[in-house]
Amino acid sequence: MSVLPLVFTSGWASGVNAYAVVLLLGLFGVTGISDDVPGTLQRPEVLIVAGVLFLCEAVADKIPYVDSLWDSAHTVVRPLAGAWVGALLAGQSGSVPDVAAGLLGGSTALASHAVKAGTRMAVNASPEPFSNIVLSVAEDLGVGGVVAFAMFHPVAAAVVAGVLLAGGLLALVLLFSRIRRFLRRRARRREARRLASRPR
């Protein structure tokens, strides 16, 4: 069962930035910092693709409304990445069934993705763009810090990830009115575009 804290932590982190998780774990394995990283994540092509997509996400995450569009497109990608990484980690250790680890990683990634997407909607309800940049940088640093911490202290990192996930879900409840305002504004813009495109 010793791999479960790492699976949970990587699942939480995948819901925030799946490409950063794959890239970081792969680099930890390639450089020999950790022996617990599956060989699949250390393959050069996996690292290159993860690196390029991480850079794309780093840019998209800092642009208002583009970040929410990016999040929508990754509603499936992030949970699948969390499940994939979880199953790989479990297969590497042989301590828990791959399916169980995949379910844990995927469901945790889905929950943290919901927190990230909802928080971005709330932030986009405000007119200034700087909060997007601050939030994006905080997310990247948080994912990097927690994943690195998990390599050496998996149980403590899982506790940190659990607290962040619980805090994020609570924040979603508190930000519900701002999220609803964002959704209404987006619906009005779509309706305005639809009316403008009608033939006269």
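Here are some questions and answers about this predicted model.

Q: How many salt bridges does a search of the whole structure find?
A: Let's start with the overall tally before picking out pairs. A salt bridge here needs a side-chain nitrogen of Lys or Arg within 4 Å of a carboxyl oxygen of Asp or Glu. Searching the whole structure with that cut-off, the count comes to ten.

Q: Which helices does the salt bridge between R78 and E57 tie together?
A: The closest N and O atoms of R78 and E57 are 3.2 Å apart. The two partners are 21 residues apart in sequence, so their pairing ties together separate parts of the chain. R78 belongs to residues 77-93 and E57 to residues 44-60, which are helix 5 and helix 3.

Q: Are R78 and E57 buried or exposed?
A: Buried means under 20% relative accessible area. R78 has a relative accessible area of 0%, and E57 is also at 0%. Because both values fall under the cut-off, R78 is buried and E57 is buried.

Q: How many residues apart in sequence are D61 and R120?
A: D61 and R120 form a salt bridge, with 3.7 Å between the closest N and O atoms, and both residues are buried. D61 sits in the loop between helix 3 and helix 4, whereas R120 is in helix 6 (residues 98-124), so this contact ties together parts whose separation in sequence is 59 residues.

Q: Which residue meets K62 in a salt bridge?
A: K62 is partly exposed, at 24% relative accessible area, and is found in the loop between helix 3 and helix 4. Its partner lies in helix 7 (residues 130-152), 78 residues away along the chain. The N to O distance is 3.7 Å, and the partner is D140.

Q: Which residues are linked with R78 and R120 in a network of salt bridges?
A: Two pairs in it have already come up: R78 with E57, and R120 with D61. These four residues belong to one network of salt bridges. Besides R78 and R120, its members are E57, D61, D67, D71, K116 and E139.

Q: Which element gives the largest share of the largest nonpolar core?
A: In soluble globular proteins, nonpolar side chains tend to be buried together. The largest nonpolar core here has 37 residues, and W12, L25, V143 and V147 touch the most other members. Among the elements giving two or more residues are helix 3, helix 8 (154-174) and helix 9. The largest share, eleven residues, comes from helix 1.

Q: What is the accessible area of the nonpolar patch that includes F130?
A: F130 is in helix 7 and counts as exposed, at 57% relative accessibility. It forms a surface patch with I133, V137 and L141, and together their accessible area is about 400 Å².

Q: Which residues form the positive surface patch?
A: One member, R190, is found in helix 9, which covers residues 176-196. With R190 included, the patch is made of R180, R181, R184, R188, R189, R190 and R193.

Q: What is the phi of Y65?
A: Most residues other than glycine have a negative phi. Y65 lies in the loop between helix 3 and helix 4 and is partly exposed, at 29% relative accessibility. Although Y65 is not a glycine, its phi is positive, about 75 degrees.

Definitions and conventions:
Residues are numbered from 1 along each chain as its sequence is written. This is a predicted model: local features need pLDDT of at least 70, side-chain atom pairs count only at pLDDT 80 or more; totals for chains, interfaces and linings use all residues. Side-chain values use heavy atoms; hydrogens and water are left out. Helices (H or I, at least four residues) and strands (E, at least two) are DSSP runs, numbered from the N terminus. Buried means under 20% relative accessible area, exposed over 50%, partly exposed in between (1.4 Å probe, protein chains only). Patches are made of residues with over 30% relative accessible area and no salt bridge: like charges are joined within 9 Å, nonpolar side chains (Val, Leu, Ile, Met, Phe, Trp, Tyr) within 5 Å. Accessible areas come from the Shrake-Rupley method with a 1.4 Å probe; for residues, only the protein chains shown count as cover. Lys and Arg count as positive and Asp and Glu as negative; His and the chain ends are not counted. The place of a charge is taken as NZ of Lys, CZ of Arg, CG of Asp or CD of Glu. A nonpolar core is a set of buried Ala, Val, Leu, Ile, Met, Phe, Trp, Tyr and Cys residues joined through side-chain atoms within 4.5 Å.
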